[in-house]
Amino acid sequence: MDQTEILLQEITDVPGVSGFEDSAREVMAKYLRKFSEVSYDKLGSVVGRKVGSASSPRVFIGGHLDEIGFMVKEITKEGFLKFLPLGGWWGHVALGQRVWVNSSKGPILGVVGSKPPHILQPKEREKVLEISDMFVDIGAMDKFDAARKFGVRIGDPIVPDSRFTIMNNQKLYMAKAFDNRVSCAVVVDVLRHFQKTAHPNTIFGVGSVQEEVGLRGARTVAYAVDPDVAIVVDVGIAQDSPPGDFSKPERLGGGPAVLVYDAGMIPNQRLRQLVIKTAEENKIPFHLTSMERGATDGAEIHKSRTGVPTIALGIPTRYIHSHNGIIYRGDYDNTVKLIVALVKKLNKKAVESLSAI
Ligand SMILES: [Zn+2]
């Protein structure tokens with residue numbers, strides 16, 4: 001494995017559902033420390049600051065640390081765990097999956113229990129089970145067993161069980177939490193690049209918390225960093241799997257997505273133009289895309305203080321918000337390349353011109 005694969009493995013394998021990002025933050029901070037000066041905001045987001053040839057402009061490059069998961073909301077008297085979702089889940093992908101319940105006595109493996117088809121009523125077969133009707137089986141005999149012996153408490157986080165895997169096609173990687181640790185890794189690799197290359201600004205490499213429950217960490221970390229310009233990195237939704245529209249540009253190998261619209265942000269138009277120009281000059285594949293539902297951390301960052309020129313980029317990912325996403329290495333490398341090329345251009349004059357009225 002090369003250094004990026006090791007980084008991706010380390011950062012996706014650790015648990016870190018919204019509000020419980022400690023392990024993911026530790027991994028990111030460990031890497032950021034090699035290339036920058038690390039600090040935190042009080043909600044738990046991590047910031048790596050690297051001063052280039054100028055203290056300003058302040059360039060924010062960020063991904064979110066948290067992954068989707070669940071939280072224990074009730075222990076039944078039989079010892080099963082009812083749970084609430086942290087982030088957006090579709091019942092289809094949760095049922096029958098292995099999960100870790102991080103209890104006061106350590107992680108406990110369990111499974112989201114499902115009925116075998118033999119005993120499903122015809123009506124049940126047709127509908128998707130709600131998360132609120134599901135439960136985790138941790139093998140406890142009863143409530144006492146679950147609480148005392150296993151140490152499970154209401155409020156404990158529940159994390160998908162899945163390991164980073166290089167697929168048979170060695171350019172494809174499968175893991176949980178690519179949404180959005182893949183972007184945290186991109187932030188690290190961009191900072192790694194600037195160890196040897198000059199940049200006319202100060203870079204703030206950010207891993208934000210609690211994105212999946214409503215972009216909460218982005219608000220405080222944007223305030224803390226006080227950026228002059230922001231590049232938000234998140235996953236793009238690859239649609240190149242059945243019964244997808246295979247002519248769409250949102251596919252593995254399509255290069256980074258440049259979001260021209262989402263439900264939370266219309267990007268700064270001059271910055272958008274600069275991104276497109278930079279990609280074209282450097283012959284980096286990219287595609288323009290929009291998302292009518294859903295938003296990125298950019299939705300909070302661009303409204304911080306008096307406003308921040310912001311753009312959101314997406315790394316095409318299949319099957320996000322499930323136990324196993326798939327990415328293509330070329331898209332990862334091209335996203336790093338595009339951000340590096342962009343950061344080199346973001347000097348004082350260039351950034352001032354973004355918000356010139
Ligand atoms: Zn997400």
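Biologist: Which residues of α7 are buried?
Modeller: In this predicted model, the buried residues of α7 are Arg216, Gly217, Ala218, Arg219, Val221, Ala222 and Val225.

Biologist: And how many is that out of the whole helix?
Modeller: Helix α7 spans residues 216–225, and seven of its 10 residues are buried, so that the helix is mostly covered.

Biologist: What covers them?
Modeller: The cover over the buried residues of α7 includes three strands, β2 (46–51), β3 (58–64) and β12 (202–208), together with the helix α9 (298–301).

Biologist: What comes right after α7?
Modeller: The residue that follows α7 is Asp226, and the phi of Asp226 is positive, near 55°.

Biologist: Switching to the start of the chain, which residues of α1 are buried?
Modeller: In helix α1, which runs over residues 3–13, the buried ones are Leu7, Leu8, Ile11 and Thr12.

Biologist: Why do those sit on the same side of α1?
Modeller: Because they cover an arc of only 110° around the axis, these buried residues fall on the same side of α1.

Biologist: What's on the face turned away, then?
Modeller: The face of α1 turned away from its buried side carries Gln3 and Ile6, both of which are exposed.

Biologist: And what lies over the buried side?
Modeller: Covering the buried residues of α1 are elements that include the helices α2 (22–35) and α6 (178–193), as well as the strand β11 (172–175).

Biologist: New topic: how do α8 and α10 cross?
Modeller: The axes of helix α8 (residues 269–281) and helix α10 (residues 329–345) come within 9 Å and cross at roughly 115°, and the crossing is right-handed.

Biologist: Which residues meet there?
Modeller: From α8, Leu274, Val275, Thr278 and Ala279 meet Leu338, Ala341, Leu342 and Lys345 of α10. The residues of this contact of α8 with α10 divide into six nonpolar, one polar and one charged.

Biologist: Last thing, what about the overall layout: which stretches make up the domains?
Modeller: The chain is divided into domain 1, made of 3–67 + 176–354, and domain 2, made of 70–160. Taken over C-alpha atoms, the centres of domain 1 and domain 2 are separated by 32 Å.

Biologist: How many residues from domain 1 and from domain 2 go into the contact?
Modeller: Domain 1 contributes 11 residues to the contact and domain 2 contributes 11 residues.

Biologist: And what kinds of residues are on the domain 1 side?
Modeller: On the side of domain 1 that touches domain 2, the residues divide into four nonpolar, five polar and two charged.

Definitions and conventions. Residues numbered from 1 in each chain as written. Predicted model: local features only at pLDDT ≥ 70, side-chain atom pairs only at ≥ 80, totals over all residues. Buried ≥ 20, exposed ≤ 12 C-beta atoms within 10 Å, placed from the backbone. Helix = DSSP H or I, 4+ residues; strand = E, 2+ residues; numbered from the N terminus. Contact = placed C-beta atoms within 7 Å. Axes fitted to C-alpha atoms, helices over the stretch in contact; angles between N-to-C directions. Left-handed = near helix turned anticlockwise from the far one by under 90°. Nonpolar A, V, L, I, M, F, W, Y, C, P; charged D, E, K, R; others polar. Arc of directions from axis to C-beta. Domains from an automatic or database assignment.
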